[in-house]
Amino acid sequence: MSSNAIEKRTPAQQTVRYVLIAFGLTILNFAYVMVTVPHGIINGGVTSFSMILARLPLTEMLPVNAWVAIVTGLLALLCCIFLGRDIFIASLYSCVVGVAAFNFFTLIVPRSVIDTMVRIGYMGDNPVIPVGMALELIAAAAVVGAGYYFCLSNDSTAVGMDTIALILHKRNEKIPIAYAMYAINIIVLLLGLYTYGLRCVLMGIAFAGIQALTLNTLLKLKGGKGKSSKGAAHAE
């Protein structure tokens with residue numbers, strides 16, 4: 001969607017836009033709380049990158065949460081510089097909603113439910129991923145991909161690696177957003193190979209792949225209906 005079209009949104013359209021963004025961030029963080037965090041699954045995003053920085057010799061003086069704040073702040077700055085005021089404001093809204101949703105689900109989901117999810121997918125020292133774990137990983141990755149879709153298709157970002165992907169897409173529309181995100185995720189995961197271990201990285205690559213496939217499919221479906229926004233256009 002062009003910047004002029006963004007500015008011409010009616011109050012009702014803006015309301016729907018922000019409701020959909022909030023919905024995307026809600027389901028995305030629900031998947032994080034229910035599956036990825038309990039199982040320690042990484043997907044090459046901001047948190048994963050921060051975990052690497054917190055263990056590197058030159059940057060280990062700061063804890064993970066400090067690096068998350070720093071990296072998120074830098075991504076927000078990039079969003080403001082390269083993506084414009086409207087997307088920047090929507091992305092700040094996404095950031096607030098995302099943090100609130102994550103903390104909300106962390107507080108309300110009973111510990112017994114989380115423990116059950118962990119038991120279903122428990123791997124131990126088994127190199128083979130059990131069926132329960134595989135199903136949880138696939139479902140969570142698809143939900144996370146859908147969550148990103150509701151942000152990007154409504155001219156926003158989650159102030160994560162999708163910000164860099166959207167900037168690259170804006171510079172060259174031949175670069176698919178979903179697969180640009182996947183490439184960034186893979187780079188982060190490979191940087192953390194020593195920190196995470198091979199099994200964890202392979203699971204992360206699988207998770208990020210399903211996430212990217214879901215996001216790309218949804219963006220293509222929207223584009224096929226002639227409703228693609230500036231952020232969602234040219235998803236192929």
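**Exercise 1. Work out what share of the contacts between residues at least 6 apart in sequence join residues at least 24 apart, then sketch the overall make-up of the protein.**

Step 1. Among contacts between residues at least 6 apart in sequence, 73% join residues at least 24 apart. Keep in mind that this is a predicted model.

Step 2. Now the secondary structure: the protein has 11 helices and zero strands. Reading from the N terminus, the elements go α-α-α-α-α-α-α-α-α-α-α.

Step 3. On to burial and surface. There are 236 residues, and 47% of them count as buried. The protein exposes about 11,800 Å², with carbon and sulfur atoms supplying 70% of that area.

**Exercise 2. Find the largest nonpolar core and say which helices each supply at least two residues.**

Step 1. The largest nonpolar core has 43 residues, and Ile-41, Val-144, Tyr-148, Phe-207 and Leu-215 have the most contacts inside it.

Step 2. Helices that each give at least two residues to this core are helix 2 (11-39), helix 4, helix 5 (85-108), helix 7 (131-152), helix 8 (161-171), helix 9 and helix 11 (198-224).

Step 3. Apart from this core lies another one, of 10 residues, including Ile-184, Ile-186, Tyr-196 and Cys-200.

Step 4. Zoom in on Ile-41. Skipping neighbours within four places in sequence, Ile-41 is in contact with Val-35, Thr-36, Met-133, Leu-137, Met-203 and Phe-207.

**Exercise 3. Check whether the length of helix 9 agrees with 1.5 Å a residue, and list its buried residues.**

Step 1. Helix 9 covers residues 177-191, which is 15 residues. The expected span is 1.5 Å times one less than the number of residues, so helix 9 should span 21 Å.

Step 2. The end C-alpha atoms of helix 9 are 21 Å apart, which agrees.

Step 3. The buried residues in helix 9 are Ile-177, Ala-178, Ala-180, Met-181, Ile-184, Asn-185, Ile-186, Val-188 and Leu-189.

**Exercise 4. Decide whether Val-97 and Thr-214 are buried or exposed, and find what they touch.**

Step 1. Val-97 sits in helix 5. Its relative accessible area is 17%, and the cut-off for buried is under 20%, so Val-97 is buried.

Step 2. Leaving out residues up to four places away in sequence, Val-97 touches Ala-22 and Leu-25. Val-97 and Ala-22 are 75 residues apart in sequence, yet their C-alpha atoms are 6.3 Å apart in space.

Step 3. Thr-214 belongs to helix 11. Its relative accessibility is 18%, so Thr-214 counts as buried too. With residues up to four places away left out again, Thr-214 touches Ala-142, Gly-145 and Ala-146.

**Exercise 5. Look at phi for Asp-155 and Val-159, then place both residues.**

Step 1. Most residues other than glycine have a negative phi. Asp-155 has a positive phi, near 55°, and Val-159 also has a positive phi, near 55°.

Step 2. Asp-155 lies in the loop between helix 7 and helix 8, and Val-159 is in the loop between helix 7 and helix 8 as well.

Step 3. Asp-155 counts as buried at 1% relative accessibility, and Val-159 counts as buried at 5%.

**Exercise 6. Which residues form a nonpolar patch on the surface, and where is Leu-62?**

Step 1. The patch consists of Met-61, Leu-62, Ile-70, Leu-74, Leu-77, Leu-78, Ile-81 and Phe-82, with about 710 Å² of accessible area together.

Step 2. Leu-62 is in the loop between helix 3 (46-53) and helix 4 (64-83). At 31% relative accessibility, Leu-62 counts as partly exposed.

Key:
Residues numbered from 1 in each chain as written. Predicted model: local features only at pLDDT ≥ 70, side-chain atom pairs only at ≥ 80, totals over all residues. Heavy atoms only, no water. Helix = DSSP H or I, 4+ residues; strand = E, 2+ residues; numbered from the N terminus. Buried < 20%, exposed > 50% of the residue type's maximum accessible area, 1.4 Å probe, protein only. Patch = residues over 30% accessible without salt bridge, like charges linked within 9 Å, V, L, I, M, F, W, Y side chains within 5 Å. Areas by Shrake-Rupley, 256 points an atom, 1.4 Å probe, with all protein chains shown as cover. Salt bridge = Lys/Arg side-chain N within 4 Å of Asp/Glu carboxyl O. Core = buried A, V, L, I, M, F, W, Y, C linked by side-chain atoms within 4.5 Å. Contact = heavy atoms within 4.5 Å.
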